[in-house]
Amino acid sequence: MKKVNFTNRVEQQQIGWKLKYVNDQRSQTWNNGKVYAHLLPKDIWDQGLWEGVRQEVLDYIRDERIQPHPMKHSLKSSWTLCINLYFIIKKSAHFQELMLQFLKSRLGNGILSVDDVNFEFALPYGDELNQSLLLGEKEGGRGVGQTSPDVALSIMTDSGPGLILIECKYTEKSFYRCSARSTSERGDKLVNPDPQRCMQKADLTCYRDICHQKEWGRQYLNILELSAYGIKTLNNCPAATSGYQLLRQQALAEGIARSGRYAHVYNSVAYDQNNTDLINCLNKTGLKDWTKNWGRIFSGNAEYFSFTHQEWVSFVRDNHVNGLSKKWLTYIHGRYQY
């Protein structure tokens with residue numbers, strides 16, 4: 001019997017959920033013109049959001065001028081999963097306390113409170129730590145054209161305020177290939193004359209001398225320093241083939257951490273424990289277990305940790321005390337089997 005891969009299994013699961021819980025069964029085409037059953041019609045994309053936070057989410061993305069992901073109507077969307085799993089922390093003081101206790105279990109008792117939750121995070125435009133100035137992402141905005149962490153937790157620690165930047169993944173197979181390795185025309189951006197140069201063994205320069213991103217004004221590698229472990233481990237630039245998003249968020253976290261505005265800044269990833277393609281995506285780069293070792297390849301002020309969506313949901317299940325959490329758990333189990 002042929003084994004069903006993770007992505008196909010999720011797709012079938014989500015189609016089953018749609019048939020059971022979505023009244024509008026109209027079909028929706030992808031950009032290639034084909035109809036896919038796991039897509040909601042674009043005009044009812046919000047039916048993929050848990051009704052317990054749906055209106056608050058719509059108000060939030062309007063008021064904060066956030067550009068939701070263009071594939072938000074896909075039932076496999078990690079953007080939608082992120083909202084369904086973590087927006088409740090913004091809405092509920094009880095869930096803020098649950099996240100606080102969850103973080104203590106991962107990071108220690110130095111975490112004192114979770115004070116705010118934001119999505120597609122960016123500090124105000126004009127702030128020196130906004131992505132446009134810090135990373136050189138001049139043309140972007142929250143959710144489009146810039147490194148916008150899916151979730152940002154503002155915390156208080158025993159040594160001062162902190163910030164946790166979380167990249168949220170679901171069925172993605174990697175953190176994608178660096179955009180500057182393309183040899184195709186990209187508007188006014190200079191074409192990379194030699195993408196293969198990114199594939200050399202690491203050294204002290206952290207690839208910055210050969211990085212084509214600097215030709216586009218991007219500052220990622222100017223911010224980062226490789227550790228001795230990183231130099232020993234990396235077979236090529238970690239952004240080259242599979243780690244682009246993760247490196248960009250590392251640069252954002254490190255740049256913010258260096259400012260001294262926060263006592264602790266964490267780069268973090270939340271992912272599905274069954275997504276082995278994502279878990280193994282940096283193996284050829286030399287990093288055999290990024291879930292534990294990503295932070296070890298850099299020296300700097302930013303800290304790192306990862307966790308699975310299942311761990312978060314299980315923690316809530318083991319510690320919840322009210323009706324809201326029971327309703328949320330019922331929805332999350334029915335929707336994602338967590």
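**Rings, helices and burial: how do you know?**

Me: Looking at this predicted model, I see that ring pairs link Tyr86, Phe95, Phe102, Tyr266, Phe305, Phe307, Trp312, Phe315 and Trp328 into a cluster. How many aromatic pairs does the structure hold?

Reply: There are 24 aromatic pairs in the structure.

Me: What makes Tyr86 and Trp312 a stacked pair?

Reply: Take two steps. Their ring centres are 6.2 Å apart, and rings pair if the centres lie within 6.5 Å. Next come the planes, which stand at 25°; under 30 degrees counts as stacked, so that's the word for this pair.

Me: Why do you say that this pair links distant parts of the chain?

Reply: Look at where the two residues come from. Tyr86 belongs to helix α3 (residues 78-91) and Trp312 to helix α11 (residues 309-319), with their positions 226 residues apart in the chain. As for burial, Tyr86 is buried, and Trp312 is buried as well.

Me: How do you know what kind of pair Phe305 and Phe307 form?

Reply: Same recipe. Their rings are 6.0 Å apart, centre to centre, which fits the 6.5 Å limit for pairing. The planes differ by 20°, and that's under 30 degrees, so Phe305 and Phe307 are stacked.

Me: And are Phe305 and Phe307 buried or exposed?

Reply: Set each value against the cut-off: buried means under 20% relative accessible area. Phe305 has 8%, so Phe305 is buried. Phe307 comes in at 2%, so Phe307 is buried too.

Me: What makes you say that the charged end of Arg296 sits over the ring of Tyr229?

Reply: The charged end of Arg296 is 3.7 Å from the centre of that ring, which meets the distance limit of 6 Å. The charged end of Lys189 sits over a ring as well, that of Trp216, at 5.6 Å from the centre, and this distance also meets the 6 Å limit.

Me: Back to helices. How are α4 and α11 packed?

Reply: Helix α4 (residues 93-107) packs against α11 at an angle of about 115°, and their axes are 10 Å apart. The crossing of α4 past α11 is right-handed. On the α4 side, the contact is made by Phe95, Leu98, Met99, Gln101, Phe102, Ser105 and Arg106. On the α11 side, it is made by Glu311, Trp312, Phe315, Val316 and Asn319.

Me: What kinds of residues make up the contact of α4 with α11?

Reply: They divide into 7 nonpolar, 3 polar and 2 charged. Both Arg and Glu count as charged, and that's how Arg106 of α4 and Glu311 of α11 get their label.

Me: Is His94 buried or exposed?

Reply: His94, which lies in helix α4, has a relative accessibility of 18%. The cut-off for buried is under 20%, so His94 counts as buried. Leaving out residues up to four places away in sequence, His94 touches His320, Val321, Asn322 and Ser325.

Me: Why is Met199 called partly exposed?

Reply: Its relative accessible area is 28%. Buried needs under 20% and exposed needs over 50%, so Met199 falls in between. You'll find Met199 in the loop between β3 (160-168) and α6 (220-223). Its C-alpha atom is 6.3 Å from that of Cys237, although the two are 38 residues apart along the chain.

Me: Does the word for Gln55 turn out to be buried or exposed, or something in between?

Reply: Gln55 sits in helix α2 (residues 54-63) and has a relative accessible area of 47%. Exposed means over 50%, and buried under 20%, so Gln55 is partly exposed.

Me: What about Thr291: buried or exposed?

Reply: Thr291, found in helix α10 (residues 290-293), has 9% relative accessibility, under the 20% cut-off, so Thr291 is buried. Among the residues that Thr291 touches are Tyr271 and Tyr304.

Me: Last one: what is phi of Glu120 near, and what is phi of Tyr207 near?

Reply: Phi of Glu120 is near 50° and phi of Tyr207 is near 70°. Each is a positive value in a residue other than glycine. With a relative accessible area of 8%, Glu120 is buried, and Tyr207, at 4%, is buried as well.

Definitions and conventions: Residues numbered from 1 in each chain as written. Predicted model: local features only at pLDDT ≥ 70, side-chain atom pairs only at ≥ 80, totals over all residues. Heavy atoms only, no water. Phe/Tyr/Trp six-rings, centres within 6.5 Å; stacked < 30°, edge-to-face > 60°. Helix = DSSP H or I, 4+ residues; strand = E, 2+ residues; numbered from the N terminus. Buried < 20%, exposed > 50% of the residue type's maximum accessible area, 1.4 Å probe, protein only. Lys NZ or Arg CZ within 6 Å of the ring centre and 35° of its normal. Axes fitted to C-alpha atoms, helices over the stretch in contact; angles between N-to-C directions. Left-handed = near helix turned anticlockwise from the far one by under 90°. Contact = heavy atoms within 4.5 Å.
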